[in-house]
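Here are a few exercises to work through with the model open beside you. Try each one yourself before reading the solution.

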Amino acid sequence: MSTDIPEGREAAVMKLADSDFAGDRREHDMRSAALDYLNKIKAGELGALPAILGLISLVVLFTALKPDTFLSKANLANLSTQAMPITILAMGLVFVLLLGEIDLSAGVASGLCAAVLAKLITDAGQPWYVAVISGVAIGIVIGTAIGWLVSVLRIPSFVVTLAFFLGLQGITLRLIGEGGTVPVRDDVIVALSNTNMPIWLGWLLAALCTAGYTATQLLRWRRQRVRNLHSRPLQFVLAQCAVVATALLGCTHVLSQDRAVSPLVFLGGIPWGVPLVGVLLIVCTFVLGRTAYGRHIYAVGGNAEAARRAGINVTRIRISVFMIGSGLAAISGIVAASRLNSVATDAGGGNTLLYAVGAAVIGGTSLFGGRGKARDAVLGGLVIAIIENGLGLLGTKAYLSFLITGLVLLLAASMDALARRRRSAAGR
Amino acid sequence: MTPVRGAEDGWEPVARTIGSPALPGGVADTLTDHGRLARGGGAARWEPLGMSVTPALDLRGIDKSYGSVKVLHDVAFCAHPGEVTALVGDNGAGKTTLVKCIGGIHPPDRGEYRFEGRPVRVGSPRDAARLGIEIVHQDLALCENLDIVQNLFLGRERRRGLALDEAAMEEMARSTLSGLAVRTMGSVRQRIATLSGGQRQTVAIARAVLWDSKVVVLDEPAAALGVAQTQQVLEIVRRLADRGLAVVLISHNMNDVFAVSDRIAALYLGRMVAQVRTADVTHRQIVELITSGVSGELGLRR
């Protein structure tokens, strides 16, 4: 009547298992670390790999097709301002996608907020900060409304945001007037995309960011070692720091070159919008990875019922991610307005949203919820911007560029779905 | 890893090897008897293996209806610290409802709810958690995309300023799991999705005991597990009781019940038909109680 297991057999079972948290204490050499990484990839934990590979292959492709223009300094600077609005919009969408929800209205919400900003500056003569605060506040109000409808009335977010997608376009049209355009001439707003930082400031910021990143990573690694916690192999941490440092300093170097057509003037430096994206990236990464609120977002995205039982207010989390999504969309709209120096009735319409969703998914954020990081938006945003930019340089016909962008989005979504199947097959 | 009691007695049910204080009234200890005994100062007879006399959990006269369906009739139930109390009954007997009453998910309509001797009101899961009553549900409620540490502390994260105190949480998680003598996990930073059923069950149990809880209710912890994993989970259940917690174990498997429990409470059609010491009854008697509500002198009065 007891559940006896012969002593020997049970011992055998125990021996088979990786026991006593050995994985946490195991000393990593480069070989075992690389093997672990390879196993992770095989099991569908792709991380940032697809985005980085995509970036490299696209750069190679377009350099081969347009050797003189694509890698020109002017075009690379252009690329950075092109990627900014997509990246910021995608960063907001990462929060929404983490819950497994979707915000189809994020693009037009960014357009509406930009229209409000333009109207306030141009027609009402308000200073830029009043206009920016109002624009972002309207974004947050829109997000709150969507979040409430989704989490309290439990309407699928797809339907709610589709309705907002149509409705907000109507409001923008009413605000700007049919076929109209509102110019944005405020110096501060225009400077975001059109003015560059002084060269020395760019280098200083890049150096500070590199040093800060490396220091945080190494300090964390040391703390984990000292307290005997789970830590990654040092070689990996160092390699990651090296990659980030190369990327940061390399971009600074490229953008600091003189890219003026005329030899008489100097045009160089990092556009002011880039540090804005940097700050947003740091803040979002901190919120998602290091705060209880971020942890709860992942929990709700992974298993809402478990989160509810753990005492997490699921409704509040749901509403808040839509607020963040639409708030960041407003900032993205402002950056886009800065780039175009104006806001038109179709601002944020067309394929803006699909680009942003594509960026998040290409970066590695799952459409199924529970997986994703803020940095996905930056990597994916760059990929999308390169596609848009490269196709523009090639002079691709409009129909073809729609087809190609659609295909890229589909490809990213398929990769996400396949990786997910892989993970569940591998028990991850 | 050696089984918890394996060294001394080769994994025998505790109650049987240690024996129980004599019950003068013989094996019979039905609902009515229990009520009388408790009130009549016969509590000493209940003394559980030398632990305190007051039950950690003491429910009396619990009624619960869902709409017009009366699910629990005048149910009495108690769980003692340091003991495993098995709650058995056929499907629809009211086990889950009783657990929901204990956990405050569906508070009882009528009845007395005492916790460590004090009358309390448990109107919500939060009330229960505050008292130190934790329930491990059958569907575990873990987030597969998070790792073990993150799941253990979900909703009750340790913070340092704005940020999470990952180091402290990882240390606490490891010491809690080691305290349960869980040695089969490679890393506390594994995602739940990579764990086996038994390991997930262990994580869910560890989450329940991480918070200084006094009563842990386990709903069918071994339902979906293989033989070796069941054995592991039962060892953990036993260990919890040995650490002084009051453990309530819901199970359909008589072998498991007899292997680890000190007492058995049998529900039949919404009535508590018997609360007996495991050592005083046989496998067959319990099966009869479950299926017909009566077994010899035990069970419902006809």
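**Exercise 1.** In which sense do S9(B) and S10(B) pair, and over how many bridges?

*Solution.* First, a word on conventions: this is a predicted model, in which local features need pLDDT of at least 70, side-chain atom pairs count only at pLDDT 80 or more, and totals for chains, interfaces and linings use all residues. Residues are numbered from 1 along each chain as its sequence is written, chains are lettered from A and ligands numbered from 1 in the order in which they are written, and side-chain values use heavy atoms, leaving out hydrogens and water.

Step 1: strands are DSSP runs of E with at least two residues, helices are runs of H or I with at least four, and both are numbered from the N terminus. Two strands pair if DSSP finds at least two bridges between them.
Step 2: S9(B) and S10(B) pair in the parallel sense, over five bridges. One bridge joins B:Asp219 to B:Ile250 in S10(B).
Step 3: between these strands the chain passes through helix H9 (residues 227-242) of chain B, a right-handed β-α-β crossover. Right-handed means that, with the strands pointing away from the viewer, the path from the first strand over the helix to the second runs clockwise.

**Exercise 2.** Place S9(B) in its sheet and work out which strands stand at the edges.

*Solution.* Step 1: the open sheet has six strands in the order S6-S9-S10-S3-S11-S12 (chain B), with mixed pairing.
Step 2: S6(B) pairs with S9(B) in the parallel sense over four bridges, and B:Glu134 stands opposite B:Val216 in S9(B).
Step 3: at the other end, S11 (residues 263-268) and S12 of chain B pair in the antiparallel sense over six bridges.
Step 4: S6 (133-136) and S12 (271-277) of chain B each have a single partner strand, so one side of each lacks a neighbour in the sheet.

**Exercise 3.** Are the residues of S9(B) buried or exposed?

*Solution.* Step 1: buried means under 20% relative accessible area, exposed over 50%, and partly exposed in between (1.4 Å probe, protein chains only).
Step 2: five of the five residues of S9(B) are buried.
Step 3: B:Val215, B:Val217 and B:Asp219 point one way, B:Val216 and B:Leu218 the other.

**Exercise 4.** Which residues make the contact between H12(A) and H15(A)?

*Solution.* Step 1: contact means heavy atoms within 4.5 Å.
Step 2: A:Leu276, A:Leu280 and A:Cys284 of H12(A) make the contact with A:Leu328, A:Ile331 and A:Val335 of H15(A).
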